[in-house]
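Visitor: Please show me the molecule, and then I will ask about its parts.

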Amino acid sequence: MSIVYNCRHCGHEIGKLNQETVDTSMLGLDKLSAEDQKEMIHYQNNGDVHIQTICENCEESLGSHPQYHELDYFIQ
């Protein structure tokens with residue numbers, strides 16, 4: 001079982017943790033609202049957990065170009 005962090009904008013894999021079990025409270029996922037959990041956390045059939053977050057490059061781009069927040073995808 002793996003916990004995989006991917007950028008929600010460019011799709012880049014930010015990091016991957018190989019775990020036997022996942023304690024969502026240790027990852028802080030229990031602090032997210034139900035809506036955010038539904039949007040950000042995706043459980044795969046093989047037991048992997050995929051978490052959508054933002055990478056440093058996309059965060060920097062959003063900081064430099066705030067109008068990008070209006071777009072669903074700004075990386076082509």
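Visitor: How many helices and strands does the protein chain have?

Guide: This is a predicted model, in which local features need pLDDT of at least 70, side-chain atom pairs count only at pLDDT 80 or more, and totals for chains, interfaces and linings use all residues. Residues are numbered from 1 along each chain as its sequence is written, and side-chain values use heavy atoms, with hydrogens and water left out. Helices (H or I, at least four residues) and strands (E, at least two) are DSSP runs, numbered from the N terminus. Along the sequence the pattern reads β-β-α-α-β-β-α, and the count is three helices and four strands.

Visitor: In what order do the four strands lie in the open sheet?

Guide: Two strands pair if DSSP finds at least two bridges between them. The pairing in this open sheet is mixed. The order is E2-E1-E4-E3.

Visitor: Which strands stand at the edges?

Guide: An edge strand here has a single partner strand, so one side of it is left without a neighbour in the sheet. From one strand to the next, the twist averages 15 degrees; for such angles, axes are lines fitted to C-alpha atoms, for helices over the stretch in contact, and angles run from 0 to 180 degrees between N-to-C directions. The edge strands are E2 (13-18) and E3 (41-43).

Visitor: What is the bridge partner of Asn6 in E2?

Guide: Asn6 is found in strand E1, residues 2-7. E1 and E2 pair in the antiparallel sense over five bridges. Their hairpin has five residues between the strands, and Gly11 there takes a positive phi near 85 degrees. The bridge partner of Asn6 in E2 is Glu13.

Visitor: Is Asn6 buried or exposed?

Guide: Buried means under 20% relative accessible area, exposed over 50%, and partly exposed in between (1.4 Å probe, protein chains only). Leaving aside neighbours within four places in sequence, Asn6 is in contact (heavy atoms within 4.5 Å) with residues including His12, Ile14 and Ile51. Its relative accessible area is 19%, so Asn6 is buried.

Visitor: Which residues make up the largest nonpolar core?

Guide: A nonpolar core is a set of buried Ala, Val, Leu, Ile, Met, Phe, Trp, Tyr and Cys residues joined through side-chain atoms within 4.5 Å. One member, Met40, touches Leu32, His50, Ile51 and Gln52, not counting residues up to four places away in sequence. The core has six residues: Ile3, Leu29, Met40, Ile41, Val49 and Ile51.

Visitor: Why is there no disulfide between Cys55 and Cys58?

Guide: A disulfide is a covalent bond between the sulfur atoms of two cysteines. The rule used here asks for a pair of cysteine sulfur atoms within 2.5 Å. Cys55 is buried at a relative accessible area of 9%, and Cys58 is buried at 3%. The sulfur of Cys55 has its closest cysteine sulfur in Cys58, too far for a bond because the distance is 3.7 Å.

Visitor: How far apart are the C-alpha atoms of Gln67 and Thr53?

Guide: Gln67 lies in the segment after helix H3 (56-64). At 42% relative accessibility, Gln67 counts as partly exposed. Gln67 and Thr53 are 14 residues apart along the chain, and their C-alpha atoms are separated by 19 Å.

Visitor: What share of the residues in the protein chain is buried?

Guide: The C-alpha trace of the protein chain spans about 40 × 25 × 20 Å along its principal axes. The chain has 76 residues, and the buried share is 21%.
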